[in-house]
Amino acid sequence: MIDLRIVRDDPERVRASQAARGEDPSIVDRLLVADEARRTASQRYDELRNTQKTLGKSIGPLQGRIKKSTNDVDRDIAHNELDVLMGRATTLSDDVKAAEGVRDEAAQIATALLLELSNLIDDDAPRGGEDDFTLIGEYGVRPDFVSLGFEPRDHVELGEILGAIDIERGAKVSGSRFYYLTGPGALLELALVNFAIARATAAGFTPMIPPSLVKPAAMEGTGFLGQAAENVYRLEADDLYLVGTAEVPLAAYHMDEILDGATMPRRYVGYSPSFRREAGSHGKDTRGIFRVHWFDKVELFSFCPPEEAVVEHRRLLQWEQEFLDALEIPYRVIDVASGDLGASAARKFDCEAWVPSQQRYREVTSASNCTQFQARRLRIRSRSLDGDVAPVATLNGTLCAVTRTIVALFENHQRPDGSVNVPVALRPYLGGLETIEPLPTR
RNA sequence: GGAGGCGUCGCCUAGUCCGGUCGAUGGCGCCCGCCUGCUAAGCGGGUUGGGGUUUCAAAGCCCCUCGAGGGUUCAAAUCCCUCCGCCUCCGCCA
C-alpha cells in the first residue's frame, strides 16, 4: 500500500499516478472521506474507553472494601456507591461496544480503499501504454540466418528434433499450455538453474527454495490479488494460492519482522515453479512453451533501505544482463511505461530476448522496484542505526525464467542440422557438452 | 489422524489456578550518562510496535498491541470457544 500520509498531504500526486496507470483516480477522494470518518470514530472510542477504564479502577477497591468491612453502616454506604458506579459502568459498556463497532467498520472501509491503490509511479518512468516504453539499449549479436544460409526453425521444431520438449504429451496429460522437458531439455533446465544460482550466490545472494503454495496474506501483501487476481491459481479447499513467482514467498519471508538495518540490503535468490492461469490471453502465443501455465524460474529479491532502491534496481538489471550476456543471447532493455506496470511496481525494466522465428524481441526477464509498497502491506520494516523503524523497499528481478530462456537459447544458437550450440559459460553445467545434437532417428 | 504440553515487549523469563492499580516482573543483550590513566568491573537511567492529540520540534497525554479471532464480564495476559504455530508421545506414509 502507499503511505496514507502521502494521500492526505498530496492527494493530487496519488490521483495523477492512478491516472497514469489507467486506473481509477476517484478512489483517492473516497479514501480521504473514509479516513476522516475512521479518525473521528477512533477518537470517540478512545474517549469512551478511557472513561470506562477510569471507572473500572474504582469498582475493584470498593468491592474489596465491602468484603473486608465489619461495620454494617460502612458496608451499606459502600454498597450504595457501588450500585451507582455499576449503573454507570453498564451503560458505558454498551456505549463502548457501539463505538467500537463504528470504529472498526470505518477502519475496514478506509483500509480496503487504501489497498485498492496501486503503487506510486516513479517520476522517471515513461508515461503511456504498452507501446510507450523507452528503449534503454540493445545488446549482443543477432544471428544472421541469411548469411548463415539456412532458414531458422522455431523452438517447437527444434525441441522435437532434439528430443528436448514434448508439447503434445504435455497437453495430453495436463492440457494446453503444458509441456514436458525431456532428455537434453530436462538437463538443460537443471544446468540453467544451477548456473543462475551459482552466479547469484557468487554475487552475494542467499539461495532459497521457497514454498510455492502460500496463504492469502502473502498473496495479498505482494499485490497479486488486485487486478492480477484472475491470473492466480487458488486451492479452494485449503485456502492456499499457487505462486506465479518466487517473488511472493521471498517477499513474505520477512513478513511481520523488523530487520536490523545493519544487515541491509538482504538479497535472496529463489528457485520455484511459477503458475499462471493466463486468463485473458487466449489465442496469444499458443505455440510452444513461450506462454505456459507452469514454468520454473530463478528469481532475485532484495530488501533494502528506501533511499538505496533506485541504485539497487539498476544492480538487479545489471545482474540480469550479465546472465543473458553469458548465455550469448541477443536482447534489448526497455523502461516499461506507466500503464503497463504491475500494481506493486513503481518502475520496471524488462529484458527482451531476440526471437528469430518471430523476428522480434520478447520479454525474458524483468526487474521491478516496488519501493515500500509491498513492505507496508507485509509489515516488513528495518531499524536504522538511530533507532528509526520504517518500511523497507523491496525489489525483484528474474534471473532465469527457464522456458523462455530455452526458447531464446534454442532459436538463437541453432545450426542448419537442427543441433544447438551450448554457450561456453553453460558447458560446465552440462558436463562439458558443446552441442545438443538431434536424436539419431525419429 | 489420536493423546498431552506450550505460545508474554531482541533473547530468556515472572504473572494465568483465586479477572481490576499488569503495557505487564527479573536477567541477558543493546543505548545514554557517571566513574575509572587503558581494558575489565561498578553506578544511574533508558530500551515492543502502531494509531491519535499537541508542537517548528520534542516532551506530555489518550487509545490499541501478552500467537490470531470470537465470547463471558462493569472490567480479560488471566475465564470459555474456534483457529494458527511449536514441542513430546502414538498411529500412518513419502
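**Starting from a hairpin**

Val355 stands opposite Arg360 in β13. That's a handy place to enter this predicted model, so to speak, and the strands around that pair are worth following one step at a time.

Strand β12 covers residues 347-355 and runs antiparallel to β13, with nine bridges between the two. Together β12 and β13 make a hairpin, with four residues linking them. Have a look at Gln359 in that turn: its phi is positive, at about 50 degrees.

Now stay on β13, which takes in residues 360-369. How many of its 10 residues are buried? Seven are, which leaves the strand mostly covered. As a reminder for reading the side chains, those of a regular strand alternate between the two faces of the sheet.

β13 has another partner to look at: strand β16, residues 393-401. This pairing is antiparallel too, and it goes over three bridges. To find it on screen, pick Ser368, which sits opposite Asn396 in β16.

Time to zoom out to the whole chain. Chain A contains 13 helices and 18 strands. Its radius of gyration is 29 Å, while the globule rule gives 22 Å for 442 residues; the value is well over the rule, so chain A is more spread out than a compact globule. The C-alpha trace spans about 115 × 45 × 45 Å along its principal axes.

As for burial, 39% of the 442 residues in chain A count as buried. And if you take the contacts in chain A with a separation of 6 or more, 73% of them come from residues 24 or more positions apart.

Notes:
Residues are numbered from 1 along each chain as its sequence is written. Chains are lettered from A and ligands numbered from 1 in the order in which they are written. This is a predicted model: local features need pLDDT of at least 70, side-chain atom pairs count only at pLDDT 80 or more; totals for chains, interfaces and linings use all residues. The radius of gyration is taken over C-alpha atoms; the globule rule is 2.2 Å times the number of residues to the power 0.38. A residue is buried if 20 or more other C-beta atoms lie within 10 Å of its own, exposed if 12 or fewer, and partly exposed in between; C-beta atoms are placed from the backbone. Two residues are in contact if their C-beta atoms, placed from the backbone, lie within 7 Å. Two strands pair if DSSP finds at least two bridges between them.
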